[in-house]
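Reader: I would like to learn how to read a ligand site in a model. Please take me through one case.

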Amino acid sequence: MRTVGVIGCGNMGGAILCGLADALAGKYAFCGHTRTPSRLAPLTDKGVVVMPDAKALTREADVVLLGVKPYQVAAVVEEIRPCLDRKKLLVSIAAGISLKRLRALAQDACPVIRCMPNTPALVGKGVFALCLEDETLTQAGRDEALFLFGTLGLTLPLPEAQFTAFSALIGAGPAYVFAMMQGLAQAGVTLGFGHQQVRELVTALFAGSAGLAEARPEHLTQLRDAVCSPAGLTIAGVNALDRAGLTGLLVDAVLAADARGREMEE
Ligand SMILES: NC(=O)c1ccc[n+]([C@@H]2O[C@H](COP(=O)([O-])OP(=O)(O)OC[C@H]3O[C@@H](n4cnc5c(N)ncnc54)[C@H](OP(=O)(O)O)[C@@H]3O)[C@@H](O)[C@H]2O)c1
């Protein structure tokens, strides 16, 4: 049985390990190593083996996922490098660490994959971009990465050149969505709903609307128009959004994030 090991089991690394251990119990073995081992205690019930150090984990695992912060990646890869070989896959979720940098750190000891998750991965509803451009990566390696992340959420192979755009739209996306949710919650409180009640209502509204968009093939504008009866209440609200330029604001927000991301890469 192949083994997936995660080094750095904090918010994101821990959530990925937990999600994989839940989904693939009996099909894969799992191990983890993290600086504060007590963080792994809840995962041992799912069969995750706690490894004493990063090197031991790397020797044991076929797929090694780096869940540490970007500034910690170099030190960890340096530490595990002697235990890497061509049969292993090294996967990094560290924001802003390029494939070229990862390969240089690993000194081409094994194929490397870059992954960009977003925060809904913390509750098993993430979207993942995978950069599968390392020339030393085999088809089996590509398939395995797509399979593993595919069990956790929508997973899309993406050229590294589009990673910043993905980060600006999908990585940053939860912040835009929460801002819209907050605005609607504020409106609800203004109209007399209680804070807790409005939070539940708005959360259900977003989940339900996303579910509808997922289930139905119509264009988003058709789904919106279906709510707008002639001379009704919804079209009055939609007109106010259009006058304020909501669509343009959203486009500008994503373009601003993309521009900032490119600036940060330089
Ligand atoms: N959270 C997100 O939304 C998000 C989105 C996209 C990408 N990412 C990427 O995911 C990575 C992790 O982010 P996070 O938010 O999950 O951070 P986090 O919660 O701080 O997790 C990092 C974990 O790594 C552990 N650690 C640090 N140095 C270590 C070492 N030398 N050996 C083993 N474990 C070590 C830390 O231990 P302690 O618990 O002792 O501090 C911590 O548990 C980052 O590279 C980030 O760029 C995160």
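Author: Start with the space itself: the ligand takes up the second largest pocket of this predicted model.

Reader: Which elements give two or more residues to the shell around the ligand?

Author: Two helices do, H1 (11-23) and H4 (70-80). H4 gives the most, with three residues.

Reader: How do the residues of the shell divide into nonpolar, polar and charged?

Author: Eleven are nonpolar, nine are polar and three are charged.

Reader: Which of the 23 residues around the ligand come nearest?

Author: Asn11, Met12, Arg35, Thr36 and Val68 come nearest.

Reader: What lies opposite the oxygen atoms of the ligand, and at what distance?

Author: For polar contacts, look at pairs of N or O atoms within 3.5 Å. A backbone N or O atom of Ala95 is 2.9 Å from a ligand oxygen. For Pro70, a backbone N or O atom is 3.5 Å from an oxygen atom of the ligand. With Thr34 the N or O atom belongs to the side chain, again 3.5 Å from a ligand oxygen. As for cover, the ligand taken alone exposes 880 Å², and the protein buries 81% of that.

Reader: Where is Val68 placed, and is Val68 buried or exposed?

Author: Val68 sits in the loop between strand S4 (63-66) and H4. A residue counts as buried under 20% relative accessible area. Val68 has 16%, so it is buried. Along the chain Val68 and Gly13 are 55 residues apart, yet 7.5 Å separates their C-alpha atoms.

Methods. Residues numbered from 1 in each chain as written. Predicted model: local features only at pLDDT ≥ 70, side-chain atom pairs only at ≥ 80, totals over all residues. Heavy atoms only, no water. Near = heavy atom within 4 Å. Polar contact = N/O pair within 3.5 Å; in protein donor to acceptor, adjacent residues only side chain to side chain. Areas by Shrake-Rupley, 256 points an atom, 1.4 Å probe, with all protein chains shown as cover. 1 Å grid on protein atoms, 1.4 Å probe; cavity = no way out; pocket = protein on both sides within 12 Å on 5 of 7 lines; lining within 4 Å. Sits in = over half its atoms within 2 Å of the grid points. Helix = DSSP H or I, 4+ residues; strand = E, 2+ residues; numbered from the N terminus. Nonpolar A, V, L, I, M, F, W, Y, C, P; charged D, E, K, R; others polar. Buried < 20%, exposed > 50% of the residue type's maximum accessible area, 1.4 Å probe, protein only.
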